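Hello,

Here is the structure we talked about handing over. Please have a look at it first, then read the notes below.

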Amino acid sequence: MRSIWNGAISFGLVSIPIKLVNATESRSVSFRQIHTEDGGRIRYKKVCELDGEEVTQAEIGKAYEDADGTMIPITDEDLAALPLPTAKTIEIVAFVGAGEIDPLQMDAAYYLSANGVPAAKPYTLLREALKRSDKVAVAKYALRGRERLGMLRVVDDVIAMHGLLWPDEIRAPEGVAPDTQVTVRDAELDLADALMATLGEVDIDSLHDDYREAVEEMIAAKAEGGAGVAPAEPETGGGGQVIDLMAALESSVRAAKEARGAKAGASEASEESEAEVTELRPRKRTAAAVPKETGAKKSTARTAAKKTAAPARKSTAKTAKTAKSTTPATTKTTATKSAAKKSAAKKTPAKKATTAKKQPAKSQTPKKATPRKRSA
């Protein structure tokens, strides 16, 4: 950012070289004056009233107009000879609480930048002192041919200066307050408090200039050959005389609650839409991963075979245990045991027979016998 003034901050016997930079800028749309018949631009010429001739900037000077209309010329040398200690210095005169400064005195805002490496240490010292004390510095400085009042405070890691109006430049609010005596009921104050609580707080960064956006849209439409923006419909409500203050407050509270609910629903809908749009990218399989998968399949097959074989043994063991546990100490047990032995004896040959039958089944085609050759 380009500096508009170079000087120093006088902090007691400490001098801090600084540069003054504009902290704000105007974003309003500017217009030019034109001749409506042909669209030609209207320009102003500086003309002398005595001879009627146009004067260049080099021929223009300053003068003070007296009460009787007499012009008293003032030169730059006259102004430079004045005893003005703040011509190139921002002189700090006091440190006060931020609440002691009337916002009506606030004027233009500037950033103070350290001018050079040697200025970094005293600049940081003043900044940290302002932070720790939680106070602001009141200073005097000269800019554009006049001495001004300023307030220094910390913004992030930068010292900012707000130009202040002199106390005698603030007009008293005489005749501005209502002359009629009005009584406000507690119920009305309660509704006003409810409305304030419903509206709640706002993020200043979220606010924007709707009028400027409308002007820019209208200019863009006319630049493309259109007729501009359609005129807005006149608002039916508001602007008139309030008949029932309580009804108006209740309606305002209701409308504020509905607006807040609509904003919350819109924010939730936007979050859901953003979540739905999110896509997951498929993972790429590398060649090294293929053998691992085949090995895993083999191991799972082996473990499955082991698991299937293990329950068979467990089941036989369980049946044996149940058979032992269920036999009571009576004469019937001997009969059941002998019967069990006979059935087991019958079953074992069957198993052997089946195994014997299964073994020849492996070679189903019999081998052909090769004939022997007879000797003569």
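**Helices H4 and H3**

Right after H4 comes Gly225, with a positive phi near 95 degrees. A word of caution before going on: this is a predicted model. H4 covers residues 210-223, 14 in number. At 1.5 Å a residue it should span 20 Å, and its end C-alpha atoms are 20 Å apart, so the two agree. At the start of H4, look at Asp209. One of its side-chain oxygens comes to within 3.2 Å of the backbone nitrogen of Tyr211.

H3 also ends with a glycine behind it: Gly200 follows, and its phi is positive, near 65 degrees. H3 takes in residues 186-199, which makes 14 residues. From first C-alpha to last it reaches 20 Å, close to the 20 Å expected at 1.5 Å a residue.

Which residues of H3 are buried? They are Glu188, Leu191, Leu195 and Thr198. These four lie on the same side of H3, because they cover an arc of only 85 degrees around the axis. The general rule behind such patterns is that an α-helix has 3.6 residues a turn, so residues three or four places apart point the same way. Asp186, Met196 and Ala197 sit on the other side of H3 and are exposed.

**The chain as a whole**

The chain has 376 residues, and 14% of them count as buried. It contains seven helices and nine strands. The exposed area is about 31,900 Å², with 56% supplied by carbon and sulfur atoms. Take the contacts between residues at least 6 apart in sequence: 61% of them join residues at least 24 apart.

**The cores**

In soluble globular proteins, nonpolar side chains tend to be buried together. In this model, the largest nonpolar core has 20 residues. Ile9, Ile18, Ile90, Leu112, Leu152 and Met161 have the most contacts inside it. Several elements give two or more residues to this core: strands S1 (3-11), S2 (14-22), S5 (89-96), S6 (106-114), S7 (136-143) and S9 (158-164), plus helix H2 (120-133). S7 gives the most to this core, with four residues. Another core, of seven residues, lies apart from it. Val96, Leu149, Met151 and Leu164 are among its members.

Leu112 is a good place to start looking. Leaving aside neighbours within four places in sequence, its contacts are Ile9, Ile18, Lys19, Leu20, Ile90, Tyr123, Leu152, Val158, Ile159 and Met161.

**Arg127**

Is Arg127 buried or exposed? It is buried, because its relative accessible area is 14%, under the 20% cut-off. Arg127 belongs to helix H2. Not counting residues up to four places away in sequence, it touches Val154, Asp157, Val158 and Ile159.

**Two aspartates to check**

Most residues other than glycine have a negative phi. Two residues here go the other way. Asp134 has a positive phi of about 55 degrees, although it is not a glycine. Asp134 is placed in the loop between H2 and S7. With a relative accessible area of 65%, Asp134 is exposed.

Asp156 is not a glycine either, and its phi is positive at about 60 degrees. Its place is in the loop between strand S8 (146-155) and S9. Asp156 is exposed, with a relative accessible area of 67%.

Best wishes

Note on methods:
Residues numbered from 1 in each chain as written. Predicted model: local features only at pLDDT ≥ 70, side-chain atom pairs only at ≥ 80, totals over all residues. Heavy atoms only, no water. Core = buried A, V, L, I, M, F, W, Y, C linked by side-chain atoms within 4.5 Å. Buried < 20%, exposed > 50% of the residue type's maximum accessible area, 1.4 Å probe, protein only. Contact = heavy atoms within 4.5 Å. Areas by Shrake-Rupley, 256 points an atom, 1.4 Å probe, with all protein chains shown as cover. Expected span 1.5 Å × (residues − 1). Polar contact = N/O pair within 3.5 Å; in protein donor to acceptor, adjacent residues only side chain to side chain. Arc of directions from axis to C-beta.
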